[in-house]
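User: I would like a close look at a single part of this model, with the terms spelled out as you go.

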Amino acid sequence: LNGTRSGNLSTMACASFFPTKTLGGAGDGGAVFTSDGTLANRLRQIRNHGQSERYRHVRLGINGRLGSIACAALLARIGGIVEMVAARQAAARRYDRMLAQGAERGKVLLPTVPVNCQSAFSLYAVQVEARDSVAEAMGAAGIQVAVHYPAPLHTQPAFGEKVSFRALPNSEKLASHVLCLPMYPTLTAAQQQRVSAALLAAVDGR
């Protein structure tokens, strides 16, 4: 936002290192970013059994350290993060062009990035009517798409007795309309053309 990276937009920020993320590792993991030294020290203690030094536990903690293989994978990739993000942004621009006709016809709602912002495009998420049918058609065409959150949190059983509302119309609409297209740094224009053609054919058939 205005040239400031997301890790510096708040007191604390988090990132996932799940293999499909922008900076993916070898298995689950993540990181917390902060410029607050006191908070950073507390977080280091929490991730290491609450220890301030070996065998001295000053708070309750967890074993939140990454394994050696996961760290090695991240170290091998982190030097190329700027190039990987740039490649994702270029792929997003290609999708924007290839799907523009569907957007103009109101068949596909494309992702938007606010003014003065940039997106790393960990995902390229579109909105379509009859999303599940469109996803099924894409799968039949041999194209893997994803629906990451088919149910919003307030409808999950874990929150059933903990919320004072029963309807969030925007969340519910997004949960039933969002479809994530293939997105990764080495995605080629030819591959995207195939994805885009299949998506436009699917939405036109609904």
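Which residues of H3 are buried, and what covers them?

Analyst: This is a predicted model, in which local features need pLDDT of at least 70 and side-chain atom pairs count only at pLDDT 80 or more, while totals for chains, interfaces and linings use all residues. Residues are numbered from 1 along each chain as its sequence is written, and side-chain values use heavy atoms, with hydrogens and water left out.

Helix H3 spans residues 81–98, helices being DSSP runs of H or I with at least four residues and strands runs of E with at least two, numbered from the N terminus. H3 has 18 residues and reaches 26 Å from its first C-alpha to its last, close to the 26 Å expected, where the expected span is 1.5 Å times one less than the number of residues.

Its buried residues (under 20% relative accessible area with a 1.4 Å probe, protein chains only; exposed is over 50%, partly exposed in between) are Met84, Val85, Arg88, Gln89, Ala91, Ala92, Arg94, Tyr95 and Met98. An α-helix has 3.6 residues a turn, so residues three or four places apart point the same way. The cover over the buried residues of H3 includes helix H2 (68–78), helix H4 (100–104), S5, S6 and H7, contact meaning heavy atoms within 4.5 Å.

The largest nonpolar core (buried Ala, Val, Leu, Ile, Met, Phe, Trp, Tyr and Cys residues joined through side-chain atoms within 4.5 Å) has 25 residues, and Leu181 and Leu199 are among those touching the most other members. H3 is one of the elements that give two or more residues to this core, whereas H7 supplies the largest share, six residues. Leucine 181 touches Tyr95 as well as Leu99, Tyr124 and others, not counting residues up to four places away in sequence.
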